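Colleague: Could you take me through one part of this model up close? I'd like to start from a single spot and work outwards from there.

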Amino acid sequence: MSESEAQLPTAVVADVLLWKRWHISLGVIVVATVAWIVFEWTNLPFLTICSDVLLILIVLLFMHANFAALRNKQPPTLPELVVSEEMVNNVAASFRVKINNVLLIAHDITIGKDFRIFFKVVICLWLLSVIGSVFSFFTLAYIGTLLMITIPALYRKYGGYVDKCCGVINRQLSRHYRIVDENVFNRLPRNIPKEKES
């Protein structure tokens with residue numbers, strides 16, 4: 001694949017997120033809204049809906065191809081999807097490095113090498129637990145999709161004002177964090193001393 005072909009999907013995604021292709025961006029919002037309504041209000045299982053949609057698509061494509069053959073027309077061509085071995089190896093190597101880093105951090109957290117990281121992870125997991133008890137997974141996915149589609153376009157339009165406000169907020173949070181760091185985190189032990197073997 002040439003460099004221009006490799007950059008094409010990235011350019012399309014950027015155009016959708018920045019609403020340069022507004023019909024696709026609007027379509028993403030409509031599809032996400034319909035999916036959220038179907039999953040949240042009908043209480044149908046996710047696997048059932050996905051299977052039904054795929055079944056309908058396969059039946060429609062099968063019927064369309066057979067009717068085209070009966071009318072002596074060219075059946076519709078579907079794109080050939082081929083995954084190269086090089087691409088699979090690159091993805092596997094990338095995942096292996098990331099998973100090893102996560103496991104190393106998890107190991108450091110669980111054996112207590114750095115109490116600050118342990119404390120931050122506990123707070124983050126507790127916040128995720130609270131958010132998860134308030135919203136369902138599909139509601140969170142829907143909110144994330146809406147934010148992903150709207151925030152880049154809004155930032156592109158009002159970026160200067162947002163940067164100014166974020167700078168003020170960052171300075172305030174940094175000041176408060178410094179106070180908490182001096183009064184709480186610095187008093188916590190960084191490393192738990194290991195017992196000496198005798």
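Let's start at Ser-25, which sits in helix H2 (residues 22-41). Which residues is Ser-25 in contact with, leaving aside its neighbours within four places in sequence? And what turns up along helix H6 (137-183)?

Modeller: Sure, and keep in mind that this is a predicted model. Ser-25 has a relative accessibility of 0%, so it counts as buried. That puts Ser-25 among the buried residues, which make up just 9% of the 198 residues in the protein. Setting aside neighbours within four places in sequence, Ser-25 is in contact with Val-16, Trp-19 and Ile-149.

Now for the setting. The protein has 6 helices and 0 strands, so to speak a plain α-α-α-α-α-α when you read along the sequence. Of the contacts with a separation of 6 or more, 63% are between residues 24 or more positions apart.

Further along H2 you get to Trp-36, and here the aromatic rings come in. The count is 3 aromatic pairs. In one of them, the rings of Trp-36 and Tyr-142 have their centres 5.1 Å apart and their planes at 15 degrees; that is under the 30 degrees cut-off, so the pair is stacked. This pair links distant parts of the chain, with Trp-36 in helix H2 and Tyr-142 in helix H6, 106 residues apart. The two partners fall into separate burial classes: Trp-36 is partly exposed, at 21% relative accessible area, while Tyr-142 counts as buried at 16%. The dividing value is 20%, with buried meaning under it. Trp-41 belongs here too, since Trp-36, Trp-41 and Tyr-142 form one aromatic cluster.

Thr-139, also in helix H6, is another residue to look at beside Trp-36. Not counting residues up to four places away in sequence, Thr-139 touches Trp-36 and Glu-40. With a relative accessible area of 12%, Thr-139 is buried.

Right beside it in the sequence is another aromatic pair, Phe-137 with Phe-138. Their centres are 5.6 Å apart and the planes make an angle of 70 degrees, an edge-to-face arrangement. Phe-137 is exposed, at 63% relative accessible area, whereas Phe-138 is partly exposed, at 24%.

Then there's the outward side. Ile-143 is in helix H6 as well, and with a relative accessible area of 34% it is partly exposed. Ile-143 is one of the residues in a nonpolar surface patch that has about 1000 Å² of accessible area together; other members include Phe-119, Trp-126, Phe-135, Leu-140 and Ile-151. Helices H5 (115-134) and H6 each supply at least two residues of the patch, and H5 gives the most, with 7. For the whole protein, about 16800 Å² is exposed, and carbon and sulfur atoms supply 69% of it.

Finally, the record. An unreviewed UniProt entry carries the annotation "transmembrane region" for residues 22-39, 46-69 and 117-149. In the model, residues 117-149 are 94% helix and 0% strand, with the end C-alpha atoms 32 Å apart. Residues 46-69 come out at 100% helix and 0% strand, and there the end C-alpha atoms are 35 Å apart.

Definitions and conventions. Residues are numbered from 1 along each chain as its sequence is written. This is a predicted model: local features need pLDDT of at least 70, side-chain atom pairs count only at pLDDT 80 or more; totals for chains, interfaces and linings use all residues. Side-chain values use heavy atoms; hydrogens and water are left out. Patches are made of residues with over 30% relative accessible area and no salt bridge: like charges are joined within 9 Å, nonpolar side chains (Val, Leu, Ile, Met, Phe, Trp, Tyr) within 5 Å. Accessible areas come from the Shrake-Rupley method with a 1.4 Å probe; for residues, only the protein chains shown count as cover. A salt bridge is a side-chain nitrogen of Lys or Arg within 4 Å of a carboxyl oxygen of Asp or Glu. Helices (H or I, at least four residues) and strands (E, at least two) are DSSP runs, numbered from the N terminus. Buried means under 20% relative accessible area, exposed over 50%, partly exposed in between (1.4 Å probe, protein chains only). UniProt positions are given in the numbering used here, feature names are shortened, and annotations may be inferred rather than shown by experiment. Contact means heavy atoms within 4.5 Å. Rings of Phe, Tyr and Trp (its six-membered ring) pair if their centres lie within 6.5 Å; planes under 30 degrees apart count as stacked, over 60 as edge-to-face and the rest as tilted.
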